[in-house]
Amino acid sequence: MEDNSAVKAGGSESPDRGIRTYVLRTGRMTEGQKRAVDELGPRFCIPFNPERPLDFPEIFGNERPVICEIGFGMGLATWRIARERPDYNYLGIEVHTPGVGKLLAAIEEHGLSNIRILHHDAVEALERVVAPASLSGFHIFYPDPWPKKRHHKRRLMRPGIVELLTSRLKPGGYLYFVTDIEDYADATLELLARTAGLRNRYEAYAPRQTWRPETKFESRASNAGRSSFELWFERT
Ligand SMILES: C[S@@+](CC[C@H](N)C(=O)[O-])C[C@H]1O[C@@H](n2cnc3c(N)ncnc32)[C@H](O)[C@@H]1O
(Lines give C-alpha, C1' and ligand atoms only; values in the text may rest on other atoms or scores of the structure.)
Protein backbone atom coordinates (compact mmCIF):
# COMPACT_ATOMS: atom_id res chain seq x y z
CA MET A 1 0.00 0.00 0.00
CA GLU A 2 1.27 3.46 -0.75
CA ASP A 3 2.46 5.53 2.14
CA ASN A 4 -0.62 7.49 3.05
CA SER A 5 -0.13 6.72 6.66
CA ALA A 6 0.97 9.93 8.33
CA VAL A 7 -1.54 12.28 9.91
CA LYS A 8 -1.32 15.11 7.42
CA ALA A 9 -1.05 18.75 8.25
CA GLY A 10 -3.46 19.73 5.50
CA GLY A 11 -5.07 18.94 2.16
CA SER A 12 -6.26 15.65 0.79
CA GLU A 13 -3.58 13.11 -0.04
CA SER A 14 -5.58 11.35 -2.70
CA PRO A 15 -7.50 13.17 -5.46
CA ASP A 16 -10.06 10.38 -5.18
CA ARG A 17 -10.93 11.60 -1.68
CA GLY A 18 -11.62 15.19 -2.65
CA ILE A 19 -15.31 14.86 -3.62
CA ARG A 20 -17.56 15.13 -0.59
CA THR A 21 -19.62 12.04 0.27
CA TYR A 22 -22.58 14.07 1.59
CA VAL A 23 -24.74 17.10 0.98
CA LEU A 24 -25.45 18.99 4.17
CA ARG A 25 -29.16 18.84 4.96
CA THR A 26 -30.70 21.77 6.77
CA GLY A 27 -32.84 19.54 9.02
CA ARG A 28 -34.61 21.45 11.77
CA MET A 29 -33.30 21.01 15.30
CA THR A 30 -35.70 20.22 18.11
CA GLU A 31 -35.36 22.15 21.36
CA GLY A 32 -33.99 19.00 23.00
CA GLN A 33 -31.33 18.58 20.31
CA LYS A 34 -30.31 22.25 20.61
CA ARG A 35 -30.01 21.96 24.36
CA ALA A 36 -27.99 18.76 24.01
CA VAL A 37 -25.53 20.40 21.59
CA ASP A 38 -25.12 23.44 23.88
CA GLU A 39 -24.93 21.65 27.19
CA LEU A 40 -23.49 18.22 26.38
CA GLY A 41 -21.43 19.12 23.31
CA PRO A 42 -18.53 20.50 25.37
CA ARG A 43 -18.34 17.16 27.25
CA PHE A 44 -18.83 14.62 24.50
CA CYS A 45 -17.88 16.37 21.22
CA ILE A 46 -14.21 16.45 20.32
CA PRO A 47 -13.07 19.60 18.54
CA PHE A 48 -11.56 19.06 15.09
CA ASN A 49 -8.07 20.46 15.39
CA PRO A 50 -5.41 19.36 12.88
CA GLU A 51 -2.79 20.70 15.28
CA ARG A 52 -3.86 18.09 17.83
CA PRO A 53 -4.30 14.51 16.54
CA LEU A 54 -6.66 12.51 18.73
CA ASP A 55 -5.17 10.87 21.82
CA PHE A 56 -7.74 8.15 22.57
CA PRO A 57 -6.53 7.09 26.05
CA GLU A 58 -6.68 10.74 27.09
CA ILE A 59 -10.07 11.32 25.46
CA PHE A 60 -11.77 8.22 26.92
CA GLY A 61 -9.71 7.96 30.10
CA ASN A 62 -8.87 4.30 29.44
CA GLU A 63 -6.99 2.05 27.00
CA ARG A 64 -9.99 0.20 25.55
CA PRO A 65 -10.06 -0.38 21.78
CA VAL A 66 -11.76 2.33 19.75
CA ILE A 67 -14.40 1.69 17.08
CA CYS A 68 -15.17 4.52 14.66
CA GLU A 69 -18.66 4.84 13.18
CA ILE A 70 -18.88 6.95 10.02
CA GLY A 71 -22.20 8.70 9.37
CA PHE A 72 -24.18 7.64 12.44
CA GLY A 73 -27.32 9.51 11.31
CA MET A 74 -29.53 9.88 14.39
CA GLY A 75 -27.16 7.67 16.41
CA LEU A 76 -29.54 4.85 17.29
CA ALA A 77 -27.11 2.03 16.39
CA THR A 78 -24.28 3.98 18.03
CA TRP A 79 -25.71 4.21 21.52
CA ARG A 80 -27.33 0.77 21.48
CA ILE A 81 -24.08 -0.90 20.42
CA ALA A 82 -22.08 1.15 22.94
CA ARG A 83 -24.43 -0.08 25.65
CA GLU A 84 -24.34 -3.72 24.42
CA ARG A 85 -20.57 -3.84 23.93
CA PRO A 86 -19.11 -1.77 26.75
CA ASP A 87 -15.61 -3.18 26.31
CA TYR A 88 -15.05 -0.80 23.43
CA ASN A 89 -14.94 2.96 23.07
CA TYR A 90 -16.87 4.53 20.18
CA LEU A 91 -15.96 7.53 18.09
CA GLY A 92 -19.00 8.62 16.06
CA ILE A 93 -18.39 10.96 13.14
CA GLU A 94 -21.31 12.82 11.55
CA VAL A 95 -21.89 16.10 9.71
CA HIS A 96 -25.65 16.35 10.34
CA THR A 97 -26.20 18.61 13.37
CA PRO A 98 -29.67 17.32 14.44
CA GLY A 99 -28.18 13.80 14.54
CA VAL A 100 -25.35 15.02 16.74
CA GLY A 101 -27.92 16.55 19.11
CA LYS A 102 -29.99 13.38 19.14
CA LEU A 103 -27.00 11.17 19.95
CA LEU A 104 -25.82 13.56 22.68
CA ALA A 105 -29.27 13.37 24.31
CA ALA A 106 -29.13 9.54 24.14
CA ILE A 107 -25.66 9.49 25.72
CA GLU A 108 -27.03 11.46 28.65
CA GLU A 109 -30.29 9.52 28.91
CA HIS A 110 -28.52 6.15 28.99
CA GLY A 111 -25.57 7.28 31.08
CA LEU A 112 -22.98 6.18 28.51
CA SER A 113 -19.34 7.08 29.04
CA ASN A 114 -17.82 5.23 26.06
CA ILE A 115 -18.97 7.48 23.17
CA ARG A 116 -17.39 10.65 21.78
CA ILE A 117 -18.52 12.59 18.73
CA LEU A 118 -16.62 14.36 15.99
CA HIS A 119 -19.02 16.74 14.24
CA HIS A 120 -17.07 16.90 11.02
CA ASP A 121 -16.43 15.34 7.60
CA ALA A 122 -15.20 11.84 8.42
CA VAL A 123 -12.81 11.67 5.46
CA GLU A 124 -11.02 14.86 6.47
CA ALA A 125 -11.07 13.87 10.14
CA LEU A 126 -9.53 10.46 9.43
CA GLU A 127 -6.87 12.01 7.25
CA ARG A 128 -5.93 14.81 9.60
CA VAL A 129 -6.60 13.91 13.22
CA VAL A 130 -6.78 10.11 13.46
CA ALA A 131 -3.40 8.40 13.65
CA PRO A 132 -2.49 5.41 11.46
CA ALA A 133 -3.15 2.00 13.04
CA SER A 134 -5.05 3.55 15.95
CA LEU A 135 -8.57 2.09 15.48
CA SER A 136 -9.91 -1.39 16.20
CA GLY A 137 -12.88 -1.16 13.88
CA PHE A 138 -15.16 0.81 11.59
CA HIS A 139 -18.94 0.70 11.54
CA ILE A 140 -20.47 1.97 8.31
CA PHE A 141 -24.21 1.37 8.28
CA TYR A 142 -26.45 2.36 5.35
CA PRO A 143 -24.13 5.03 3.94
CA ASP A 144 -25.66 7.45 1.43
CA PRO A 145 -26.31 5.23 -1.61
CA TRP A 146 -25.87 7.86 -4.35
CA PRO A 147 -27.96 5.68 -6.68
CA LYS A 148 -27.41 7.57 -9.95
CA LYS A 149 -24.42 6.29 -11.87
CA ARG A 150 -23.01 9.78 -12.36
CA HIS A 151 -23.02 10.19 -8.55
CA HIS A 152 -21.19 6.95 -7.74
CA LYS A 153 -18.02 9.00 -7.41
CA ARG A 154 -19.54 10.47 -4.22
CA ARG A 155 -19.91 7.11 -2.51
CA LEU A 156 -17.95 6.65 0.68
CA MET A 157 -16.62 3.28 -0.39
CA ARG A 158 -14.22 4.22 -3.15
CA PRO A 159 -10.56 3.31 -3.56
CA GLY A 160 -8.80 6.32 -1.99
CA ILE A 161 -11.14 6.38 1.03
CA VAL A 162 -10.96 2.61 1.56
CA GLU A 163 -7.15 2.86 1.57
CA LEU A 164 -7.43 5.61 4.17
CA LEU A 165 -9.75 3.50 6.35
CA THR A 166 -7.42 0.51 6.05
CA SER A 167 -4.43 2.60 7.09
CA ARG A 168 -6.24 3.75 10.26
CA LEU A 169 -6.98 0.17 11.41
CA LYS A 170 -4.72 -1.80 13.72
CA PRO A 171 -3.77 -5.28 12.51
CA GLY A 172 -6.80 -7.47 13.26
CA GLY A 173 -9.08 -4.43 13.30
CA TYR A 174 -12.33 -4.79 11.36
CA LEU A 175 -14.44 -2.94 8.83
CA TYR A 176 -18.14 -3.73 9.18
CA PHE A 177 -20.21 -2.34 6.31
CA VAL A 178 -23.96 -2.72 5.75
CA THR A 179 -26.13 -1.49 2.90
CA ASP A 180 -29.49 -2.34 1.34
CA ILE A 181 -28.38 -1.21 -2.12
CA GLU A 182 -27.35 -4.31 -4.02
CA ASP A 183 -25.05 -2.73 -6.61
CA TYR A 184 -23.29 -0.72 -3.86
CA ALA A 185 -22.84 -3.94 -1.87
CA ASP A 186 -21.43 -5.85 -4.85
CA ALA A 187 -19.07 -3.02 -5.80
CA THR A 188 -17.88 -2.70 -2.19
CA LEU A 189 -17.32 -6.44 -1.84
CA GLU A 190 -15.19 -6.34 -4.96
CA LEU A 191 -13.33 -3.19 -3.86
CA LEU A 192 -12.54 -4.46 -0.36
CA ALA A 193 -11.46 -7.85 -1.72
CA ARG A 194 -8.82 -6.20 -3.90
CA THR A 195 -7.60 -3.71 -1.26
CA ALA A 196 -4.12 -4.51 0.01
CA GLY A 197 -4.11 -5.07 3.76
CA LEU A 198 -7.71 -6.31 4.03
CA ARG A 199 -9.02 -9.85 4.21
CA ASN A 200 -12.64 -11.05 4.13
CA ARG A 201 -13.53 -12.97 7.27
CA TYR A 202 -16.28 -14.77 5.32
CA GLU A 203 -16.54 -16.28 1.82
CA ALA A 204 -18.47 -13.31 0.46
CA TYR A 205 -21.26 -11.59 2.44
CA ALA A 206 -21.19 -11.79 6.23
CA PRO A 207 -24.00 -12.91 8.52
CA ARG A 208 -25.82 -10.23 10.47
CA GLN A 209 -24.08 -9.43 13.75
CA THR A 210 -26.59 -10.06 16.52
CA TRP A 211 -25.58 -6.87 18.34
CA ARG A 212 -26.39 -4.55 15.41
CA PRO A 213 -29.82 -2.99 16.01
CA GLU A 214 -32.22 -2.09 13.23
CA THR A 215 -32.13 1.58 12.26
CA LYS A 216 -34.68 3.70 10.42
CA PHE A 217 -32.87 3.12 7.13
CA GLU A 218 -33.00 -0.63 7.57
CA SER A 219 -36.69 -0.77 8.50
CA ARG A 220 -37.49 1.52 5.57
CA ALA A 221 -35.57 -0.85 3.28
CA SER A 222 -37.24 -3.98 4.60
CA ASN A 223 -40.67 -2.33 4.34
CA ALA A 224 -39.83 -1.68 0.68
CA GLY A 225 -38.85 -5.35 0.27
CA ARG A 226 -35.09 -4.80 0.16
CA SER A 227 -32.79 -6.96 2.25
CA SER A 228 -29.46 -5.88 3.66
CA PHE A 229 -25.97 -6.95 2.64
CA GLU A 230 -23.26 -7.13 5.29
CA LEU A 231 -19.49 -7.18 4.83
CA TRP A 232 -16.86 -7.91 7.48
CA PHE A 233 -13.24 -7.43 6.50
CA GLU A 234 -10.16 -7.42 8.73
CA ARG A 235 -6.81 -5.68 8.56
CA THR A 236 -4.04 -8.18 7.97
C1 LIG B 1 -28.14 7.33 4.84
S2 LIG B 1 -27.59 7.99 6.37
C3 LIG B 1 -27.44 6.56 7.43
C4 LIG B 1 -27.41 6.89 8.87
C5 LIG B 1 -27.20 5.73 9.87
N6 LIG B 1 -25.93 5.09 9.68
C7 LIG B 1 -28.32 4.72 9.84
O8 LIG B 1 -28.08 3.56 9.50
O9 LIG B 1 -29.45 5.11 10.17
C10 LIG B 1 -25.90 8.40 6.03
C11 LIG B 1 -25.31 9.42 7.00
O12 LIG B 1 -23.93 9.57 6.73
C13 LIG B 1 -23.57 10.93 6.93
N14 LIG B 1 -22.33 11.17 6.20
C15 LIG B 1 -22.13 10.97 4.87
N16 LIG B 1 -20.86 11.27 4.54
C17 LIG B 1 -20.25 11.66 5.70
C18 LIG B 1 -18.93 12.09 6.00
N19 LIG B 1 -17.99 12.19 5.05
N20 LIG B 1 -18.65 12.43 7.26
C21 LIG B 1 -19.59 12.34 8.23
N22 LIG B 1 -20.86 11.93 8.01
C23 LIG B 1 -21.18 11.59 6.75
C24 LIG B 1 -24.77 11.70 6.45
O25 LIG B 1 -24.85 12.98 7.03
C26 LIG B 1 -25.93 10.79 6.91
O27 LIG B 1 -26.40 11.16 8.18
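**Exercise 1. Place strand 4 in its sheet.** Strand 4 and strand 5 (residues 169-179) pair in the parallel sense over six bridges. Identify which residue of strand 5 is the bridge partner of G137, and which residue of strand 4 is the bridge partner of C68.

*Solution.* The model is predicted; local features need pLDDT of at least 70, side-chain atom pairs count only at pLDDT 80 or more, and totals for chains, interfaces and linings use all residues. Residues are numbered from 1 along each chain as its sequence is written.

Step 1. Fix the terms. Helices (H or I, at least four residues) and strands (E, at least two) are DSSP runs, numbered from the N terminus. Two strands pair if DSSP finds at least two bridges between them.

Step 2. Take strand 5. The partner of G137 there is Y174.

Step 3. Take strand 1 (residues 66-70). It runs parallel to strand 4, with three bridges joining them. The partner of C68 in strand 4 is F138.

**Exercise 2. Trace the path from strand 4 to strand 5.** State which helix takes part and which hand the unit has.

*Solution.* Helix 6 (residues 159-168) joins strand 4 and strand 5 in a β-α-β unit, and this unit is right-handed. The test: with the strands pointing away from the viewer, the path from the first strand over the helix to the second runs clockwise.

**Exercise 3. Assess burial around strand 4.** Find how many residues of strand 4 are buried, then classify A133 and W146.

*Solution.* Step 1. Count C-beta atoms, placed from the backbone, within 10 Å of a residue's own: 20 or more others means buried, 12 or fewer exposed, in between partly exposed.

Step 2. Strand 4 (residues 135-141) has six of its seven residues buried.

Step 3. A133 sits in the loop between helix 5 and strand 4. It is partly exposed because it has 13 C-beta neighbours inside 10 Å. Its phi is positive, near 50°.

Step 4. W146 sits in the loop between strand 4 and helix 6. It has 18 such neighbours inside 10 Å, so W146 is also partly exposed. Its phi is near 40°, again positive. Most residues other than glycine have a negative phi.

**Exercise 4. Follow the core from L175.** List the contacts of L175 beyond four places in sequence.

*Solution.* Contact means C-beta atoms, placed from the backbone, within 7 Å. L175 is in contact with F138, L165, L169, L198 and F233. In the largest nonpolar core, of 55 residues, those touching the most other members include C68, F138, L165 and L175. Such a core is a set of buried Ala, Val, Leu, Ile, Met, Phe, Trp, Tyr and Cys residues joined through C-beta atoms within 7 Å.

Terms used:
Two residues are in contact if their C-beta atoms, placed from the backbone, lie within 7 Å.
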